[in-house]
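Okay, everyone, let's get going. I'd like to walk you through a structure that's new to most of you, so pull it up and follow along.

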Amino acid sequence: MTGESAQDRDELAGEYVLGTLSFEQRIEVQRRLPDEPELRAAVDAWERRLLELTDLAEPQQPSAQLWPRIERSLERLTVSKPLTSWWNLLPLWRGLSAAGLAATLILGTLLLTQTAPKPSYLVVLVAPQDKAPGWVIQASDSREIQLIPLGVVEVPADKALEFWTKADGWSGPVSLGLVKPGQALSVPLDKLPPLQPNQLFELTLEGASGSPIGKPTGPIQAIGRAVKVL
Amino acid sequence: MPLAESVFDYEARLAACARGERAALRDLYVQEGPRLLGVAKRLVRDTALAEDVVHEAFIKIWNGAAGFDPARGSARGWMFSVTRHLALNQLRRQSRETPFSEEHEAAAPDELADVHSARIHRCLEQLEPQRRSCILHAYVDGYSHAQISARLDTPLGTVKAWIKRSLNALRECMG
């Protein structure tokens, strides 16, 4: 952010840790933290300064159900996330490097033949119940996609739509971020493998700051699979 | 029964979580579950909601164990931060419009009379009593500026200024 002095940043960090920021301000700080080491350092320093004050809250014995509930949730995570994550799957990367080679050849051919770029993948996201189309995803290359709404969707004030994708062979869905209803969204895919045919995309209804566990937890609002455009 | 914090190796347990050892998470739960629940309960003011927060916190601790950076602070401190921020998100989200509730038992400033050697308490004692209770109401009880203003019967602008200055004073005092 421009125009923010070290003093401003430290005050923001202090009030964030203290707890006096509004919900919107909190979400904004949490959005900035991964990318801003100075803000992170200021927050960490305040966490250390104030930590001892947690002693003022009287400890409370958890109910007997709490640990089993945590275990069940971990169980579900483990099922969808085996210890060898998809990053470590050799066959996947072999396949992807073959696909990468193919893509290079195709792009090379495109460059040589001066063909204008056109969408290489299309996805129509439909509502799971009535199959009404709600969004279209188009990708003119495999590094960025656009999510385009076909209408306006009502989302409750305390909820948000979260955008997910999962290709065959991946261990679980990966979040592509939160979606504002009625607005187009461009998503760079630089941290993901290139798009694949049949890759799954979906939008789920999550809490206002997105799924707390990094996996879809809410009902699916729209779902579709990628189709290669020839 | 929790071990003394100085004996229990939080960092080793967290590293074991990162390797997928479920028993290590269980150790952390036995060690800090009651204190984390106490912190969450004080903030969200509801036992079921507080258990939801601790549930979410332990999943986050499990998933985040591999990414934990000891250079940023202690593993124990991180567990409390994770839990507090989940509780605060919940609190701020649900109570955007909730009026101040009188029934909630507030952190009385005399809780400081407990024997606390920690530097934070010595620094807090240097603040004027009202400013000190602003900090405690915010951090321990999760009160918003408006709730503190109502509780202390002090204008909102004054409360905001007190908090800002108290934080500056605490930073000076603690380094």
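Start at D141(A): across from it, in strand 3 of chain A, stands E144(A). Keep in mind as we go that this is a predicted model. D141(A) and E144(A) are one spot in a bigger pairing, where strand 2, residues 133-141, and strand 3, residues 144-149, both of chain A, pair over 5 bridges in the antiparallel sense.

Now stay on E144(A) for a second. Which residue is its bridge partner in strand 6 of chain A? That's P188(A). Strand 6 of chain A covers residues 185-188, and 4 bridges join it to strand 3 of chain A, again running antiparallel. So much for the strands on that side.

Let's hop over to chain B. How many helices and strands does chain B have? The tally is 8 helices and 0 strands. If you read the elements from the N terminus on, you just get α-α-α-α-α-α-α-α. Of the 175 residues in chain B, 43% are buried. And if you take the contacts in chain B between residues at least 6 apart in sequence, 62% of them join residues at least 24 apart.

Next, the inside. As a general thing, nonpolar side chains in soluble globular proteins tend to be buried together. Here, the largest nonpolar core has 63 residues, and the ones with the most contacts inside it are A40(B) and F58(B). Helix 2 of chain B, residues 22-44, brings the largest share of this core, 10 residues. Have a look at F58(B) too: leaving out residues up to four places away in sequence, F58(B) touches L25(B) and Y29(B), plus I70(A) over in chain A. Apart from that core lies another one, with 19 residues, including Y121(A), I145(A), L176(A) and V179(A).

Last stop, the place where the chains meet. The contact takes 38 residues from chain A and 47 residues from chain B. On the chain B side, at least two residues each come from helix 2, helix 3 (47-64), helix 4 (75-94), helix 5 (119-125), helix 6 (129-141) and helix 8 (156-174). Which helix of chain B gives the most? Helix 2, with 10 residues. Sorted by class, the side of chain B that touches chain A has 22 nonpolar, 13 polar and 12 charged residues.

If you take one thing away, make it helix 2 of chain B: it supplies the largest share of the largest core, and it also gives the most to the side of chain B that touches chain A.

Key. Residues are numbered from 1 along each chain as its sequence is written. Chains are lettered from A and ligands numbered from 1 in the order in which they are written. This is a predicted model: local features need pLDDT of at least 70, side-chain atom pairs count only at pLDDT 80 or more; totals for chains, interfaces and linings use all residues. Two strands pair if DSSP finds at least two bridges between them. Helices (H or I, at least four residues) and strands (E, at least two) are DSSP runs, numbered from the N terminus. A nonpolar core is a set of buried Ala, Val, Leu, Ile, Met, Phe, Trp, Tyr and Cys residues joined through C-beta atoms within 7 Å. A residue is buried if 20 or more other C-beta atoms lie within 10 Å of its own, exposed if 12 or fewer, and partly exposed in between; C-beta atoms are placed from the backbone. Two residues are in contact if their C-beta atoms, placed from the backbone, lie within 7 Å. Ala, Val, Leu, Ile, Met, Phe, Trp, Tyr, Cys and Pro count as nonpolar, Asp, Glu, Lys and Arg as charged, and the others, Gly among them, as polar.
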